[in-house]
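Visitor: Before we begin, could you walk me through this model and show how each label is earned?
Guide: Gladly, and here it is.

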Amino acid sequence: MIEAVPGARRIAAMVDSNSAPAYHLEALEHAARSRGVELSVFRVDGPGEIISAIDAAKVSGAEALNFLASPLFSVPGSQSNRVVLDRVTAARLPAIFQFPETAEAGALAGYGPRIIDLYRQRARIAVQVLRGAKPADTPVQQPDKFELVINLKTAKAIGVEVPATLVARADKVIDERT
C-alpha cells in the first residue's frame, strides 16, 4: 500500500478481532514506522462493525487501508466483502487485501496467494492423511506463488494514481479494457 499510494503517511490496518495475533500487529506497526508511516489499528468484531470501523479510519485521517487476511473482509462474493468494497469506494479510500481475487472484485489491490491455491494445498494434505499419513508427519506448507493484482478501474473511481512502476510489476492489471 505504501508503494501504491506513496504520499500516504497515515494508514489504517483493519483487523478481525477474532484472528489477528498481537505479534503480527506489532510487526506491522514496526514495519510502518520504519517507512515513516503512522499505522492505526481498527479492530472489527463482526460484520455489523465493518462500516463504522471504515468510517472511523477515515475520520482519524487514514489515507489508505490495509485489510488483514480474514474471511470477515476478504472472501469475494460474500456479503461482508461487498459491504467492505462498497464502503471503501464511497469513502474514496485505497485498500489492499491479501487475496488477488479481492482486487478482481473491486478493491484497489490484492497481493498474496490465490484462495483456490490454498484450498488445493489443503486438499493435498487431506488426501495424504486419508491415505494413512500421520497428521504430525505431514509438513506445514507455505504458498509458493504470490500474485499482485492492481485494479486501475477502482483507482480511477476513487481518484488515486497508482505509480507506473508498481503497475509494471503487477501480475495482473484490471483497467478499462478488462
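**Pockets, helices and a few residues**

Guide: The second largest pocket holds about 490 Å³ of space. It is lined by 18 residues, and the ones closest to its centre are Gln 98, Phe 99, Pro 113, Leu 118 and Arg 122. Before going on, please note that this is a predicted model, in which local features need pLDDT of at least 70 and side-chain atom pairs count only at pLDDT 80 or more, while totals for chains, interfaces and linings use all residues. Residues are numbered from 1 along each chain as its sequence is written, and side-chain values use heavy atoms, with hydrogens and water left out.

Visitor: What makes a space a pocket here, and what does its volume mean?
Guide: On a 1 Å grid over the protein atoms alone, a pocket is an open set of points with protein on both sides within 12 Å along at least five of seven lines, whereas a cavity is a set where a 1.4 Å probe fits but cannot get out; lining residues have an atom within 4 Å of a point. Grid points are joined across faces, edges and corners, and the volume is the space filled by probe spheres set on them.

Visitor: Which helix gives the most to the lining of the second largest pocket, and what classes of residue are there?
Guide: Helix 6 gives the most, with six residues. The lining has twelve nonpolar, five polar and one charged residues. Nonpolar here covers Ala, Val, Leu, Ile, Met, Phe, Trp, Tyr, Cys and Pro, charged covers Asp, Glu, Lys and Arg, and the others, Gly among them, are polar.

Visitor: And what lines the largest pocket?
Guide: It has 34 lining residues, with Leu 28, Asn 66, Leu 68, Ile 96 and Tyr 111 nearest its centre. Its volume is about 920 Å³. Helix 1 is the main contributor, with five residues. By class, the lining divides into 24 nonpolar, six polar and four charged residues.

Visitor: How do you know that the length of helix 6 agrees with what is expected of a helix?
Guide: Helices are DSSP runs (H or I, at least four residues) and strands are too (E, at least two), numbered from the N terminus. The expected span is 1.5 Å times one less than the number of residues. For the 16 residues of helix 6 (residues 115-130) that gives 22 Å, and the end C-alpha atoms are 23 Å apart, which agrees.

Visitor: Which residues of helix 6 are called buried?
Guide: Ile 115, Leu 118 and Gln 121 are buried. Down the axis they fall within an arc of 125°, so they line one face of the helix. That arc is taken from the directions from the helix axis to the C-beta atoms. The face turned away carries Tyr 119 and Leu 130, which are exposed. As for the cut-offs, buried means under 20% relative accessible area, exposed over 50%, and partly exposed in between (1.4 Å probe, protein chains only).

Visitor: Which residues of helix 4 are buried, and what puts them on the same side?
Guide: They are Ser 80, Asn 81, Val 84, Leu 85 and Val 88. Their arc around the axis is only 135°, which puts them on the same side of helix 4. Gln 79 and Ala 90 are exposed on the other side.

Visitor: Why is Asn 81 called buried?
Guide: Its relative accessibility is 1%, so Asn 81 counts as buried. Leaving aside neighbours within four places in sequence, its contacts (heavy atoms within 4.5 Å) include Leu 72, Phe 97 and Thr 102.

Visitor: Is Arg 92 buried, exposed or partly exposed?
Guide: Arg 92 has a relative accessible area of 46%, so it is partly exposed. It sits in the loop between helix 4 and strand 4.

Visitor: What makes the phi of Arg 92 worth a look?
Guide: Most residues other than glycine have a negative phi. Arg 92 is not a glycine, yet its phi is positive, near 55°. Gly 132, just after helix 6, also has a positive phi, of about 115°.
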